[in-house]
Amino acid sequence: MESWIERLKEILPEKRVMTDLADRYSYSFDASFGEYLPDVVVQPQQKSEIVSILKLANLHKIPVYPRGQGTCLSGGPLPVYGGIVLDMSQWPKTIDLRPEDLIVSVSPSVLTADINKAAEEHGLMYAPDPSSAHVATIGGNLAENSGGPRGLKYGVTKDHVIGLEVITPEGEIIRTGGQTIKNVTGYDLTKLIVGSEGTLGVITEATLKLMPKPPAVQTMMVSFDKVRSAGEAISKTLTSGILPSKMEFMDQACIQAVENFKPIGLPVEAAAIVIIELDGHPETLKIERKLVEDIMKKIGATDIIIPKTEKDADEIWHARKQVSPAIAQIKPTKVSEDATVPRSKIPDLIERLQVIKEKYDVEIVVFGHAGDGNLHPNVLCDKRDHEEMARVEQAVGEIFEAAIELGGTLSGEHGIGTMKAPFMEQELGEIGLDMMKRVKEAWDPNGIMNPGKIFAEKSQKLVLRNE
Amino acid sequence: MRKKARNWCFGMSNLKALQEKLNYDKTFDCVQCGYCLPACPTYETMERETHSPRGRINLVKMVAEGKGTVQDLENPIEKCLGCMACTTVCPTNVQYGQILEGAKQVIDEQKVKSPTQKKLEQFLFQSFFPSQKWMNTLGHATWLYQKSGFQKVAQTLGWTKLAPNHLDAFERVLPDLPSPKRRKKRVKRYMRKRPASAKVAFFTGCIMDSMFFESNENTIELLLRSGAEVVIPEQQTCCGALHAHSGKISSSVDLAKKNIAVFEEENVDYIVNNAGGCGARMIEYHHLFEKGSAWYERALTFVSKVKDISEVLVELDGLEFKCSLDKTITYQPSCHMTNVQKVTEPPLELIGKIPGVQLKAMDRPDFCCGSAGVYNIVNYEDSMEILDVKMEDVCGVNPDGIVTSNPGCLLQMKLGVERSGKSNQIDAVHLVDLLIQADPQPK
C-alpha cells in the first residue's frame, strides 16, 4: 500500500479510510455519466482532519475529490484521476438557526430539505428547492450552485449565501463574507466559491439567508395547443406585474409519457402545459389568480385548471414529479440537460430541439422551469447501444450550441463538471476561460482540488459511452 | 492518466451466464439518482455508499462486468435487510428485489461450503422450514429454547456472530408456547350453518404457527366472527421467503408450486396470512415462473387471492369492538407489507375502530426494525444498531403498546422494548391480538 494511504490511516479513524474494492467502486460514480475508481475514500469529521489530508495531498500531489451524497448531474464529484474521495456526507450535521436575524449557519452534510424544514418552524423558508433537496447535502448544493423550480422568483443557491468557512486547497482555514445581508468588503469570495464545483476548496460551514415563508400558495395548470403560445404565456405573465414562484413546462411527449405510466388525467391532446404556482397573501393570490387567468385566456389557452383543494393541487405537482420515472419507461438512459436561455427565447429553443431530434434521430422530451428560461431537454437512450450513444453525444453538443447562440448558457443549475467542460470556451471565449484558469491556479497551485472538472483537457470531447 | 475502471478475470461465456443470473440488464434501470439513500436503514447505520441500494446495484453491475469478483459482493449483499424501502421511493421503478435475489443466489452458489455445512443447510431449508411436523416440534419446545442445538447449527453454517448471549436475548422475549395437546386440537375446517360472508383459506406460516400460535388462533377467531368460513389446508408448506433471502431460489420455486397446488384444491375467495413477509413472498409467486407458462397462470390465480388479514377484515367489515382499551398505540408496519404488498391503510383503519385507543404515529414508521427474516440472528450487531434507531422513534411517542403485522417484527420489537428497559411500560403485540383484546363481536 502507498505510504500516503498509510498516513491517511493515522490522520483519520480506521473505519473512515476505505480501501476495499467494493467500497472504492461505491464512490466511483454520481448521478451523471462515467465511472472512475478512486484509490481511497475518506470520511472526515473534523476540520483538522481535512487540513491534514489536503496538506498530505499537496505533498504527494494526490488529487482530492470532495463529495456530498453523489446526486450530481454533471459529474462534479467523479474522481477522474483516482486519488482521494472526500466523502463529506458523514460530517456532523448542525443547523444553527437565528430567526431574529433571518439567517442560519449549517454544516455541509445537512440535507437541503432539512434546512427548509427547520426554517418553517419559525415561519421562515430556505428558498432554493432542487428536486433532490431531500437527498442532496447543502455542501453539494453550494459547490454546484444548485437551483430548483422556485429559482424563478427566489434565485439559485448563490443568491442565499452570505458567508462561508472554507479550507483552501493548500489546507488553510478561511472565512468569506459574514453574517450581514449587506457586505461589500473586498472581493466577493463567497460567490466565487459557490458554484466552483469543489475546485477551489472544501466548504465546512455556510451562513444562509432565510426569507419569510409566504402564507399561501395557488396552483394553476394551463394547456396550450401550440408550444409557442405556452412560451408567450410565460413572458406575458412575467411582464404583467406578477412574479409566480414557479412556472413549470411540460411538452406533449412528457404529458403522454406520464399518462402512459400512471394515468392522472393530464390533457394528452395539448401541445404543452404550464403549471404555475403563485405564492403570497391569500387576498393577493385571489387577485393574481384572476389576472393570470385572463392573460392565459387572451393568449389562447385551451384549458385552465384551478385546483379547489390542497389535495387537487398536490396531484398536479405529483404529475410533474412523475415525469422522470415516466420518461424512463421510454428508454433506460437519460441524459438530462439544463440549457438555459433568455425567457423570450424559449419557443426558439424548443424549435431548435425539434430540429436536433430529427437530425440525429434521437428521442428528446422537454420539461423544466420555463419561467426562468431553464429547460430540461432530456435525451432518452440506451447506454448499451454505442451507435445510438454516439448520435446522442452529437445531439447534446448541438443543444449546448443552440443555447449559447440564443444568448443563453450551458448550465442553468446542474453545473459544468466533466460533461460540459469541452463547451466552456464556446460560451466564455478564450480569454474569459483563461481568466478562470488563472484564478484556479492561484488558489490551487498543485492542482489537487477536483482536477478534471470545469476545464477541459486539450481535445477533450463529450463522451457518454463507457468502454 | 485518467483512471477508468478496469476489467479483469472471467472468460466471455462465463461472464454472459453470470450476467444473466445477476439480472445485469435490470441494473440499467437505476439512474443512480440517490433518492434511495435516505430510505435505507443500513446506509444510515453503516454510513457508507457500499451499504446503500444504489451502491449495491452498482456493485452487482461491476461484478457482472467482470470488474470485481463475487466475493466483493458478499458483504454488501449479506448486510442488506431486504426491507425494500428503496423500491417504494425509487423514481424509476428499479426491480431491486430481483437484483438482490439474483446476487444472493450467485453468492450462495460460489461459496465454498464444508460437507457438514451443506448437509445442515439441506436439512434446514429442505426439511426444517417446509415441514409442519418439524415446525410444530420446534413450537413445542426446541427452537431457541434448545439453544445448544441451534447454536451448533448456526456455527456450522458460518453464522459465527451468533453468541449465546444473543440467543438469551431472544429467548427472554418469546411468548409462552401452547401445549402440544392444544396444537393438536386445532380444527382444520370451520364450516358455518348460516351462509358465509366469504370462504377463506388460512396460510399459517412456519414461524407464526410455531412461535405465535395464539396469534394464529386469534386470526382464525377474527375471521369466524367476521362471518367467514375458514379452512386450514394441512398440506400447506413454508412460503419460501427465507429460502429466497438465502439465495436458494430453486427450493423456493418448489415450495411455491406445492402451495399453489394445495390451495387450488380449496375453492376459496381469499388466501389469508398474518405475516407480512410471507404475504409479500406469496403475492410475487408468479415472478418465479416464465411468463405464459402453465405454472405462471396458476400462480397468478393464487396471487390474486392472497390477502393480509387486515385487508380481509376491513373488506368483510363484520366486527364491532365492545371493549374500550385505554391505550396509546403506535404501529410498526412490516416492511414487506408496505413495500411489497403495498398494504398500508387497513391495519390503521382497524386500530382506529377500537374504542379508547389513541393511535400515535412514530417518526419514520417505514424505517425497518432490523428483524428482516433471519438478519437479526445472522447479523446481530448490525440489526441491534438499526433496532436502537427504531426504538428512539418509538419512545418518542411514549406508547403503551406497539402493534406489528409480522412475526419477525413482533419478536424484534419485543426485544427492542426489553433493550430500552421499557418492559414494564410497553407491550408489543400482533395486530390480531390487539383486536381480540377489544372483544370483537359480529355486527
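Modeller: Before we start, two residues are in contact here if their C-beta atoms, placed from the backbone, lie within 7 Å. Keep in mind that this is a predicted model.

Biologist: OK. What percentage of the contacts in chain A with a separation of 6 or more comes from residues 24 or more positions apart?

Modeller: Take the chain A contacts with a separation of 6 or more. Residues 24 or more positions apart account for a share of 71%.

Biologist: Which radius of gyration does chain A have, and why does that agree with a compact globule?

Modeller: Chain A has 467 residues, and a compact globule with that many would have a radius of gyration near 23 Å. The C-alpha trace spans about 70 × 60 × 40 Å along its principal axes, and 53% of the residues count as buried. The value for chain A agrees with the globule one because it is 23 Å.

Biologist: Now the contact between the chains. Which element gives the largest share of the side of chain B that touches chain A?

Modeller: Chain B puts 28 residues into the contact and chain A puts in 30 residues. On the chain B side, α4 (53-64) and α5 (70-78) are the elements that give two or more residues. With four residues, the largest share comes from α4(B).

Biologist: And inside chain B, how many residues of domain 2 are in contact with domain 1?

Modeller: The assignment gives domain 1 (12-110) and domain 2 (318-442) in chain B, with 29 Å between their centres, taken over C-alpha atoms. Domain 1 of chain B brings eleven residues to this contact, and domain 2 of chain B brings 17 residues.

Key
Residues numbered from 1 in each chain as written. Chains lettered and ligands numbered in written order. Predicted model: local features only at pLDDT ≥ 70, side-chain atom pairs only at ≥ 80, totals over all residues. Rg over C-alpha atoms; globule rule 2.2 N^0.38 Å. Buried ≥ 20, exposed ≤ 12 C-beta atoms within 10 Å, placed from the backbone. Domains from an automatic or database assignment.
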